[in-house]
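Dear colleague,

I am passing on the structure we spoke about, and my notes on it follow below. Please read them with the coordinates open beside you.

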Amino acid sequence: MPTTKEAPSAREQELLERAYAYSLTHGLADLSLRPLATAIGSSPRVLLFLFGSKDGLIRALLARGRADQLELLRQTEQRYDEPPGLTVIARELWTWLAAPERRPLMTFWVEAYGRSLVAPEGPWSDFARSTVDDWLELLKTSAPDETEARRTAVLAMLRGALLDLLATGDLDRTTAALEDYLRD
């Protein structure tokens with residue numbers, strides 16, 4: 001019979017939050033346990049004990065980042081009694097995604113998404129696919145009468161504008177591009 005993981009201890013949760021904050025500024029691609037452990041007030045041995053391996057820690061960090069994204073989606077869904085439509089939800093999502101205080105989280109997301117595509121067997125496994133599914137489900141709930149193709153196009157536009165924003169920092173131009181697209 002498969003065993004289920006027990007709820008994380010307070011110490012495990014505390015170290016996960018610290019490691020998550022660290023990874024938002026330092027990334028995951030070159031994550032090394034020794035500098036991470038030093039930065040968060042732990043040791044590599046403790047991190048390995050709590051998370052099983054470096055890959056286990058990365059999986060926990062990805063799940064933690066995804067939890068932020070899922071919370072946004074949950075809050076967005078709860079704000080409306082009726083489906084708001086693609087234009088309304090796309091603008092709301094863009095405002096959230098493009099906020100300067102979210103740049104570290106969005107950079108983390110892009111890194112994890114990309115790694116999931118190039119290293120699908122590693123700890124990143126299925127991250128990209130899962131996030132696409134999560135966002136498409138929100139768009140479907142928000143605009144059930146729209147076609148799947150239109151919802152996919154809106155998601156692609158949001159992702160593309162986000163990548164461009166992260167690369168250039170040009171919020172005015174990327175927002176104008178999104179607005180132009182949504183007018184069609």
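Is F108 buried or exposed? The model is a predicted one, and in it F108 has a relative accessible area of 2%, which means that the residue is buried, the cut-off for that class being under 20%.

F108 is also a partner in one of the two aromatic pairs that the search counted. Its partner is Y20, and the two rings are arranged edge-to-face, with 5.6 Å from centre to centre and 85° between the planes. Because Y20 belongs to helix α1 (residues 10-26) while F108 belongs to helix α6, this pair ties together parts that are 88 residues apart in sequence. Y20, with a relative accessibility of 4%, is likewise counted as buried.

The other pair is formed by W109 and Y113, whose ring centres are 4.9 Å apart and whose planes meet at 40°, so that the pair is classed as tilted. Here both partners sit in helix α6, and because they are four residues apart, about one helical turn separates them. W109 counts as buried at 11% relative accessibility, and Y113, with a relative accessible area of 17%, is buried as well.

W109 appears again when one turns to the internal space. A search of the whole structure finds one cavity of 30 Å³ or more, and the volume of the largest cavity is about 160 Å³. Its lining is made up of 14 residues, and those nearest the centre are Q69, L97, M106, W109 and W135. Four helices, namely α4 (54-78), α6, α7 and α8 (148-168), each contribute at least two residues to this lining. Sorted by class, the lining residues of the largest cavity are 10 nonpolar, two polar and two charged.

One point of backbone geometry also deserves a look. Most residues other than glycine have a negative phi. D126, however, is not a glycine and yet has a positive phi of about 70°. This residue is found in the loop that runs between α6 (103-118) and α7 (127-142), and at 43% relative accessibility D126 counts as partly exposed.

To draw the parts together, helix α6 recurs in these notes: F108 in α6 pairs with Y20 of α1, W109 and Y113 pair within α6, and α6 is among the helices that supply the cavity lining.

With best wishes

Definitions and conventions
Residues are numbered from 1 along each chain as its sequence is written. This is a predicted model: local features need pLDDT of at least 70, side-chain atom pairs count only at pLDDT 80 or more; totals for chains, interfaces and linings use all residues. Side-chain values use heavy atoms; hydrogens and water are left out. Buried means under 20% relative accessible area, exposed over 50%, partly exposed in between (1.4 Å probe, protein chains only). Rings of Phe, Tyr and Trp (its six-membered ring) pair if their centres lie within 6.5 Å; planes under 30 degrees apart count as stacked, over 60 as edge-to-face and the rest as tilted. On a 1 Å grid over the protein atoms alone, a cavity is a set of points where a 1.4 Å probe fits but cannot get out, and a pocket is an open set with protein on both sides within 12 Å along at least five of seven lines; lining residues have an atom within 4 Å of a point. Grid points are joined across faces, edges and corners, and a volume is the space filled by probe spheres set on the points. Ala, Val, Leu, Ile, Met, Phe, Trp, Tyr, Cys and Pro count as nonpolar, Asp, Glu, Lys and Arg as charged, and the others, Gly among them, as polar.
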